[in-house]
Amino acid sequence: MDGSSKEEEEDNTFTSIPLTDDIDHSSRILYPRPKSLLPEMMNADMDVDAENQVELEEKTRLINQVLELQHTLEDLSARVDAVKEENLKLKSENQVLGQYIENLMSASSVFQTTDTKSKRK
């Protein structure tokens with residue numbers, strides 16, 4: 001650091017108070033300027049508040065994501081249940097149709113066994 005920045009530091013920490021009405025630099029007494037902790041505290045509070053805000057936003061985002069995933073899981077589970085019910089219904093219909101087709105085939109002469117045809121020859 002050069003001498004000018006050292007003087008600037010001293011100017012920031014001390015205040016001149018003249019002892020008489022006429023400003024005479026030789027009669028000045030330097031008193032330390034009271035440091036205000038408010039800006040530092042505000043900056044620290046702002047940093048903490050900003051960190052808390054970011055943390056709160058992250059928690060909120062994660063909670064919303066979890067809720068969305070829960071709803072998606074519920075929807076998928078309901079869809080699986082509906083597909084299972086539809087599958088059982090279709091299996092039952094297929095059994096009924098299969099039995100009906102077997103009954104038709106047994107009643108029709110077209111689907112009779114070939115043993116009767118071989119006897120005719």
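The legends below describe close-up views of a predicted model.

**View 1. The whole chain and its order of elements.** The chain contains three helices and two strands. Read from the N terminus, these elements follow the order α-β-β-α-α. Of the 121 residues in the chain, 0% are buried. The chain exposes about 11600 Å². Carbon and sulfur atoms account for 58% of that exposed area.

**View 2. The span annotated as a coiled-coil region.** An unreviewed UniProt entry assigns the feature "coiled-coil region" to residues 59-93. In the predicted model, this span is 100% helix and 0% strand. The C-alpha atoms at the two ends of residues 59-93 are 51 Å apart. The annotation comes from the UniProt record, whereas the helix content and the end-to-end distance are computed from the model.

**View 3. The salt bridge between E55 and K59.** A search of the whole structure gives two salt bridges, and E55 and K59 form one of them. The distance from N to O in this pair is 3.6 Å. E55 and K59 are four residues apart in helix 2 (residues 38-107), so about one helical turn separates them. E55 is partly exposed, and its relative accessible area is 45%. K59 is also partly exposed, at 47% relative accessibility. K59 is numbered at the start of the span that UniProt lists as the coiled-coil region, residues 59-93.

**View 4. The salt bridge between R61 and E58.** R61 and E58 are joined by a salt bridge in which the closest N and O atoms are 2.8 Å apart. Both residues belong to helix 2. Their spacing is three residues, about one turn of the helix. R61 has a relative accessible area of 44% and is partly exposed. E58 is partly exposed as well, with a relative accessible area of 38%.

**View 5. A nonpolar patch on the surface.** Y100, I101, L104, M105, V110 and F111 make up a nonpolar surface patch of about 620 Å². One of these residues, V110, sits in the loop between helix 2 and helix 3 (115-120). Is V110 buried or exposed? V110 counts as exposed because its relative accessibility is 62%, and the cut-off for exposed is over 50%.

Methods:
Residues numbered from 1 in each chain as written. Predicted model: local features only at pLDDT ≥ 70, side-chain atom pairs only at ≥ 80, totals over all residues. Heavy atoms only, no water. UniProt positions renumbered as here; feature names shortened; annotations may be inferred. Salt bridge = Lys/Arg side-chain N within 4 Å of Asp/Glu carboxyl O. Buried < 20%, exposed > 50% of the residue type's maximum accessible area, 1.4 Å probe, protein only. Areas by Shrake-Rupley, 256 points an atom, 1.4 Å probe, with all protein chains shown as cover. Patch = residues over 30% accessible without salt bridge, like charges linked within 9 Å, V, L, I, M, F, W, Y side chains within 5 Å.
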